[in-house]
Amino acid sequence: MKLAIIKLKLFITLLLMFELLTAQSSNDIAELETMCVKYEQAGNQIELAKTQTKLGFLYRDKGNYRQAIEWFKKAITTNEKLGNYNAIKVLNTNIGYLQSEMNNYDEAIESFKQSLKLNEKYNKKPDIVQDLINIALAQQGKQNYNESNNNLSRALSLAQELNDLKALKTIYGMLSENSEKLGRPDKAKEYFELASSLRNMMQKEELKRYEDLTKKAEAEVNAKEAEKRVLSEELDRVNTEKELTLKLLEQEKELRDLREKEFQAKERIQKAHQQVTNIILASLVFIILLISLFLFVIFKQLRKIKIANAMLSESHRQVAEQKQEIEKQHAIVTEQKKKLTDSIMYAQRIQNAVLPPRYVFEKIFPQHFILFKPRDIVSGDFYWISSKDNISVIAVADCTGHGVPGAFMSMLGIAFLNEIVSKMTINRHIVTFHASDILNELRNYVIQSLHQTGRPTESKDGMDIALCVIDFENKTMEFAGAHNPAYLIRNGELQVIEADRMPIGIYKSENKSFTNREIKLEYNDQIYLFSDGFYDQIGGPKRMKMLSVNFRKYLLDICNLPMSEQQKLLEEYFESWRGDNEQLDDVLVLGIKYTQHIIPSASTEYQWSGKNILIAEDVDINYFLLVEALKKTNANIVRALNGKEAVELCKKQHFDLILMDIRMPEMDGIEATKEIRKFNPVIPIVAQTAFGDENDIQRILAAGCNAHISKPINLKNFLSVIKKHLNL
Amino acid sequence: MEPLVIPEGQNTPAIHFDPESGKLEIIGNSIPEDVAGFYQRVFEWLSQYIEKPAPNNELHIYLNYFNSASAKAILDILNYLEALVDRNVNIQVFWHYQDLDEDMFSTGKEFQSLVNLPFQFVQHVSE
């Protein structure tokens with residue numbers, strides 16, 4: 001029910017938002033009711049329907065559900081006259097939600113069925129799924145779990161047909177709730193697992209989308225940097241102009257000096273004048289001439305000064321303009337910085353989503369800690385875990401650089417590790433693998449994807465990594481490291497598990513294998529993986545590196561404390577060492593305590609290790625669900641993507657059983673069965689048919705199948721059919 | 001040729017290259033944001049220097065901390081000096097490290113394996 005209420009609230013919120021967008025200025029109920037009467041009299045059915053609907057929503061928002069339903073019903077009547085079936089459908093659904101909210105489940109179901117009838121009439125499959133889910137929810141409310149299940153199984157078939165993962169997840173969730181109520185915890189658990197498998201799958205798809213987004217972000221960052229370069233060129237230009245202005249100012253000073261000199265000359269002339277008052281007219285005329293000559297020169301200089309002044313004020317104006325321009329550009333740069341930061345903040349969310357969630361660690365290592373302090377918003381350090389049955393692989397890596405470039409590398413690293421390790425473990429085609437194999441493979445991936453060939457000019461980017469493969473059954477640990485070692489503390493003594501002195505990435509164009517180190521584990525062993533960011537931090541009284549020797553000493557000091565306490569103390573130790581100095585690199589320390597692993601107890605009834613099962617299935621989700629269903633049986637699973645592939649695989653390899661889908665591209669299941677029967681009459685073939693298609697069943701049995709199971713599968717029934725045909 | 005003298009900065013090492021004596025020193029921390037910008041001057045100086053080097057050369061590297069981009073710059077400096085070996089000019093690299101800093105020692109070893117230059121390791125006892 002909780003789920004139902006949340007869904008209902010969400011729906012109401014969405015409707016409210018829709019309504020707010022469309023609402024006109026008059027929200028007043030009384031006014032709208034008067035308008036209704038007017039529209040009715042005027043026979044304006046379209047506006048009447050709109051207003052009635054609006055009134056319904058207004059009453060609903062006020063919490064008056066009864067009035068709201070009344071108006072919705074009136075709106076339905078009006079819409080029926082208009083033949084507007086879409087509106088009728090939506091109105092009915094809304095009435096259903098309100099009735100559910102008031103616990104009037106019968107009325108709610110009735111309304112949802114009205115909507116369903118219309119959707120069936122127009123064959124709107126996605127809406128039919130939603131209607132069925134709504135009905136099933138109301139039936140849950142009524143505690144009619146069986147009826148609810150009936151509607152859900154109809155919804156399930158349709159959702160599968162539509163490949164609507166979200167709806168499937170909801171349906172499995174509700175089926176699980178119903179089974180719980182019906183006192184069938186086994187089924188509840190089964191459905192719950194299906195729901196959570198789907199959730200996982202959807203998360204994976206989400207991740208893929210995020211990776212694309214990251215690529216886009218990189219392109220944006222490049223574009224921004226180009227813009228920045230243009231801006232800085234512009235600034236250079238402005239500076240040159242400034243220099244020019246300064247030159248002009250110097251010229252002005254020179255002019256001022258000249259003027260000074262002229263004034264001095266004038267004084268001298270006046271003196272001369274006094275001296276020559278007694279001299280003859282001729283000399284007077286000469287003096288007058290001299291003075292006029294000087295006047296002419298002064299005039300000329302004055303004019304020059306005027307021109308220079310004009311030029312100066314012009315350049316002043318230019319400087320002011322340039323200043324304005326610089327301020328404008330500064331604003332642009334600030335804005336761009338903000339955009340960049342926002343973009344990186346979003347990238348951080350992606351990075352956090354890609355890192356393994358804490359509960360994954362919690363499940364395998366109940367006592368552990370992760371001290372993760374990126375230097376910038378995003379990190380070049382990352383941690384990683386993968387676990388299958390008794391084997392857990394954990395790694396701590398440090399990519400070249402930090403910040404955005406480091407984060408790009410770390411996304412690559414995580415994706416590669418996922419691919420490499422799942423390739424090694426999936427279907428158990430490879431039963432054993434070594435820590436060093438994973439690093440060798442990771443190095444191949446990095447070199448290939450960065451197109452490194454060993455030329456001196458190209459990128460030497462890559463990563464350092466410490467990786468452990470822990471085998472809980474044999475109580476052993478394998479370790480391989482690229483530059484980064486691991487520490488093992490046992491009985492108060494610390495052992496350094498050495499790493500190879502070479503990176504993951506191109507190195508001296510060599511391809512030497514990483515060293516695999518095997519260690520017998522004892523309970524309560526503590527294992528630490530880390531990047532060098534912690535002990536390479538500069539600080540302390542002399543602004544020196546902390547050094548790994550001090551890191552080890554401190555680990556030994558605190559190793560008897562609980563893991564969470566160790567994390568706290570390490571962080572305090574780091575911060576007090578750092579003091580006022582900036583953090584230089586990303587910091588990551590991972591500590592785990594090796595304790596008894598609780599292996600999920602597999603039912604002994606269905607244990608088929610050593611049996612090979614071929615699944616011919618083209619649809620990923622169906623294949624995935626089958627693998628989930630067979631997960632705990634330990635059977636080897638091989639997939640064929642179509643009938644042709646299934647036939648070819650059967651010719652090459654021995655299988656104990658084939659699960660055959662019917663509708664597949666290239667060659668369908670019926671054809672494939674006929675082909676296989678030509679050369680192998682004994683191998684058990686179990687067909688998967690879609691929800692009870694009698695015609696298909698007859699044809700597939702005629703083609704040579706031994707049995708069929710109908711989708712959606714019932715786990716217990718499914719396993720017992722398989723068991724029977726495996727001749728067990 | 002003028003000597004190259006760059007005083008130690010908050011994030012950059014002290015650089016003292018003397019063309020007369022052939023003594024080249026890099027001392028301190030190297031964590032500039034713009035590594036290429038900082039080492040540009042060093043490479044320009046070196047490219048001229050290797051045309052007319054002193055008969056005997058010593059490169060002293062005594063770094064406390066350097067980031068990965070600086071590691072690339074140091075490798076480039078070493079690669080420059082390999083040209084001296086080719087011309088039969090004496091060159092000796094002295095890699096200094098603090099006795100407790102085993103990582104700096106092994107990093108030096110790694111550099112040694114990457115270039116064709118004679119290395120000597122000089123251990124300094126911590127105070």
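Which strand of chain A do four bridges join to E9(A), and in which sense do the two run? The partner is strand E6 (residues 486–490), and the two strands run antiparallel. Here helices (H or I, at least four residues) and strands (E, at least two) are DSSP runs, numbered from the N terminus. Before going further, it helps to know that this is a predicted model, in which local features need pLDDT of at least 70 and side-chain atom pairs count only at pLDDT 80 or more, while totals for chains, interfaces and linings use all residues. Residues are numbered from 1 along each chain as its sequence is written, and chains are lettered from A and ligands numbered from 1 in the order in which they are written.

In the pairing of E6(A) with E9(A), Ala486(A) stands opposite Leu529(A). Strand E9 (residues 526–530) of chain A also pairs with strand E12 (residues 587–593), again in the antiparallel sense, over five bridges; two strands count as paired if DSSP finds at least two bridges between them. Within E12(A), Val589(A) is the bridge partner of Phe530(A). Five of the five residues of E9(A) are buried, a term used when 20 or more other C-beta atoms lie within 10 Å of a residue's own (exposed means 12 or fewer, partly exposed in between, with C-beta atoms placed from the backbone). Gln526(A), Tyr528(A) and Phe530(A) point one way from the strand, and Ile527(A) and Leu529(A) the other way. In a regular strand, side chains alternate between the two faces of the sheet.

Chain A as a whole has 21 helices and 17 strands, and buried residues make up 33% of its 728 residues. An open sheet of five strands has the order E2-E3-E4-E5-E8 (chain A), with antiparallel pairing. Strand E2 (381–388) and strand E8 (517–520) stand at the edges with a single partner strand each, so one side of each is left without a neighbour in the sheet. At the E8(A) edge, four bridges join that strand to strand E5 (residues 476–482) of chain A, and Phe479(A) stands opposite Arg517(A).

Turning to the helices, H6 (residues 105–121) of chain A has 17 residues and reaches 24 Å from its first C-alpha to its last, close to the 24 Å expected at 1.5 Å a residue; the expected span is 1.5 Å times one less than the number of residues. Among the buried residues of H6(A) are Tyr105(A), Ile109(A), Phe112(A) and Leu116(A). Seen down the helix axis, the buried residues fall within an arc of 165°, so they line one face of H6(A); the arc is that of the directions from the axis to the C-beta atoms. These buried residues pack against helix H5 (85–101) and helix H7 (125–142) of chain A, whereas the face turned away from the buried side carries the exposed residues Asp106(A) and Lys121(A). After the helix comes Asn123(A), with a positive phi near 55°.

Finally, the two chains meet: 13 residues of chain A are in contact with 13 residues of chain B, contact meaning that C-beta atoms, placed from the backbone, lie within 7 Å. Strand E11 (544–545) and helix H15 (548–558) are the elements of chain A that give two or more residues to its side of this interface. Within chain B, Asn90(B) lies in strand E5 (residues 90–98) and is partly exposed, with 14 other C-beta atoms within 10 Å.
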